[in-house]
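Please find below a short note, set out as numbered points. Each point may be checked against the sequence and the structure as it is read.

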Amino acid sequence: LREYYSHFVVYTKSAFAEQTTPQALSFLEAALRFRTNFPTLNDVDLDLGQIGGILTWLPPVVSGPVDQFNIYLAENNIGKHRFY
């Protein structure tokens with residue numbers, strides 16, 4: 001999608017109302033604001049092909065609450081064959 005689009009819009013909705021004017025955000029700005037920083041995993045699992053330990057990171061720079069984080073395993077830094 002990045003080769004065709006540079007921004008996306010978000011409409012918020014709650015039990016009280018739905019936003020009529022969306023907020024626009026570029027893909028680059030979203031990546032910079034919502035990514036975690038300095039992820040570290042101290043792998044203490046000695047079995048081949050398995051990982052185990054404590055994963056830590058610095059929270060993203062966002063201007064509001066985050067409901068959850070999803071952690072994915074992937075074959076490379078662009079998410080090839082990712083799963084969680």
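**Notes on the predicted model**

1. S26 is a buried residue, because its relative accessible area is 15% and buried means under 20%. The model under discussion is a predicted one.

2. The residue S26 belongs to strand β2, which covers residues 23-26. Its side chain comes to 2.9 Å from the backbone nitrogen of E29. When neighbours within four places in sequence are set aside, S26 has contacts with S6, H7 and F8.

3. H7 lies in strand β1, made of residues 7-10. With neighbours within four places in sequence again left out, H7 touches L25, S26 and F27. The contact between H7 and S26 can therefore be found from either residue, since contact means heavy atoms within 4.5 Å.

4. The side chain of H7 also takes part in a polar contact with the side chain of S6, at 2.8 Å. For a view across the chain, the reader may look at H7 and Q68: these residues are 61 residues apart along the chain, and their C-alpha atoms are separated by 23 Å.

5. How many aromatic pairs does the model contain? The count is 1 aromatic pair. The partners are F8 and F27, with 5.3 Å from centre to centre and 40° between the planes, and the pair is tilted. The name tilted applies because planes under 30 degrees apart would count as stacked and those over 60 as edge-to-face.

6. This pair links distant parts of the chain: F8 is in strand β1, F27 is in helix α1 (residues 27-34), and the two are 19 residues apart. Are these rings' residues buried or exposed? F8 is partly exposed, because its relative accessibility is 28%, a value between the limits of 20% and 50%. F27 is likewise partly exposed, because its relative accessibility is 26%.

7. Elsewhere, a nonpolar surface patch of about 710 Å² is formed by L41, I51, L55, W57, F69, I71, L73 and F83. One of these residues, L41, is located in strand β3 (residues 37-43). L41 counts as partly exposed because its relative accessibility is 38%; a residue in a patch must have over 30% relative accessible area.

8. For review, three places may be inspected in turn. The first is S26, with its contacts to S6, H7 and F8. The second is the tilted pair of F8 and F27. The third is the nonpolar surface patch that includes L41.

Methods. Residues numbered from 1 in each chain as written. Predicted model: local features only at pLDDT ≥ 70, side-chain atom pairs only at ≥ 80, totals over all residues. Heavy atoms only, no water. Helix = DSSP H or I, 4+ residues; strand = E, 2+ residues; numbered from the N terminus. Polar contact = N/O pair within 3.5 Å; in protein donor to acceptor, adjacent residues only side chain to side chain. Buried < 20%, exposed > 50% of the residue type's maximum accessible area, 1.4 Å probe, protein only. Phe/Tyr/Trp six-rings, centres within 6.5 Å; stacked < 30°, edge-to-face > 60°. Patch = residues over 30% accessible without salt bridge, like charges linked within 9 Å, V, L, I, M, F, W, Y side chains within 5 Å. Areas by Shrake-Rupley, 256 points an atom, 1.4 Å probe, with all protein chains shown as cover. Salt bridge = Lys/Arg side-chain N within 4 Å of Asp/Glu carboxyl O.
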